[in-house]
Amino acid sequence: MITIHNLHKRFNQHEVLKGIDMTIEKGKVIVIIGPSGSGKTTFLRCLNALEIPSAGNIQIGKVSIDFSKSVSKKEIAALRRESGMVFQQYNLFPHKTALENVTEGPIVVKKQAKNEAIQKAEKLLQKVGLLEQKDKYPFQLSGGQQQRVGIARALAMEPELMLFDEPTSALDPELVGEVLNVMKELANEGMTMVVVTHEMRFAKEAADEVIFMDQGIVIEKGTPDEIFTAPKEQRTKQFLQLLH
Ligand code: ADP
């Protein structure tokens, strides 16, 4: 179980997250939707300790941190290891092959033996349908393929939770499906996932819970059916209408 309690994040005077509460059961897929600027990315980055929350609690796996107190680098590193992040812009190492991108974390951070890391990476590349491309460099791969390497790279760290920050929004439309399919497969295998996306079809098909965020707070949450067919809040209704 993952719990987030009263999470706040401010950048100088600008309070971007204004007290987020969330409980995520193991194996569930949470999709976060909401207007641009509502704090979705900042929220994901806080879960992965890429941003340090101003206040609140995050508990993922064995790690539990109260950000109202001073937090050590060791605690931050421990929290970061609990989740794997997939970015909008893939963020692969350009001078490393697909395989090397996937083995880098396990070898450098986890101190895995090189052979073991390679074996595991090959399995993961197979899972995302890219074993045959393992020796290619990012520039030799399509956007969809790069993003699938990004997913394999995050999985290689064996995280408790996978975070996806608009993973398909930089892709040409014909490449979106291959990435969403890999994500659906992961969901079916029981991976716990938090996904920020504009792909409402994915939300409808794969989410256990949809969360609508606006201006740094959770406005409404529910099953895809509840949110998409019978939203309760005016702001949710307005947002969904704009999508049509
Ligand atoms: P969303 O993902 O919903 O589009 P973001 O989390 O990216 O929203 O951004 C929420 C708000 O936080 C925006 O107003 C953005 O300008 C601000 N913000 C995000 N990151 C930073 C930062 N590093 N420094 C200052 N402001 C930031």
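This is a short tour of a predicted model, going from the annotated domain to a sheet, two helices and a ligand.

**Stop 1: the domain.** Select residues 2–240. An unreviewed UniProt entry lists this range as "domain: ABC transporter". Across residues 2–240 the chain is 39% helix and 26% strand. The C-alpha atoms at the two ends of the range are 28 Å apart.

**Stop 2: the sheet.** Show the strands as a cartoon and look for an open sheet of six strands, with mixed pairing. In which order do the six strands lie? Going across the sheet, the order is β6-β7-β8-β3-β9-β10. Select residues 83–86 for β6 and 217–222 for β10; these are the edge strands, and each pairs on one side only. Neighbouring strands of the sheet are turned by 20° against each other on average, ignoring direction. Strands of a sheet pair through backbone hydrogen bonds, and the pairing is either parallel or antiparallel.

**Stop 3: one strand pair.** Select β9, residues 209–214, together with β10. In which sense do β9 and β10 pair? The pairing of β9 and β10 is antiparallel and covers five bridges. To find one bridge, pick F212 and then its partner in β10, E220.

**Stop 4: two helices on the sheet.** Select residues 40–47, which form helix α1. Helix α1 packs on the sheet and touches β3 (29–33), β6, β7 (161–165), β8 (192–196) and β9. The direction of α1 makes about 150° with that of β7. Next select residues 173–188, helix α6. Helix α6 lies across β3, β7 and β8, and runs at about 145° to β8.

**Stop 5: the ligand.** Select the ligand and the residues around it: F11, H14, V16, P35, S36, G37, S38, G39, K40, T41 and T42. Which element supplies the largest share of this shell? Helix α1, from the previous stop, does so with three residues. Strand β2 (14–24) and α1 each supply at least two residues of the shell.

Now look at oxygen atoms of the ligand, taking three residues in turn:

- G39: a backbone N or O atom lies 3.0 Å from a ligand oxygen.
- K40: an N or O atom of the side chain is 2.8 Å from a ligand oxygen.
- T42: an N or O atom of the side chain is 2.5 Å from a ligand oxygen.

Finish with a surface view of the ligand. Taken alone, the ligand exposes 560 Å², and the protein buries 60% of that.

Note on methods. Residues are numbered from 1 along each chain as its sequence is written. This is a predicted model: local features need pLDDT of at least 70, side-chain atom pairs count only at pLDDT 80 or more; totals for chains, interfaces and linings use all residues. Side-chain values use heavy atoms; hydrogens and water are left out. UniProt positions are given in the numbering used here, feature names are shortened, and annotations may be inferred rather than shown by experiment. Helices (H or I, at least four residues) and strands (E, at least two) are DSSP runs, numbered from the N terminus. Two strands pair if DSSP finds at least two bridges between them. Axes are lines fitted to C-alpha atoms, for helices over the stretch in contact, and angles run from 0 to 180 degrees between N-to-C directions. Contact means heavy atoms within 4.5 Å. A residue is near a molecule or strand if one of its heavy atoms lies within 4 Å of it. A polar contact is a pair of N or O atoms within 3.5 Å; within protein, one must be able to donate a hydrogen and the other to accept it, and residues adjacent in sequence count only if both atoms are side-chain atoms. Accessible areas come from the Shrake-Rupley method with a 1.4 Å probe; for residues, only the protein chains shown count as cover.
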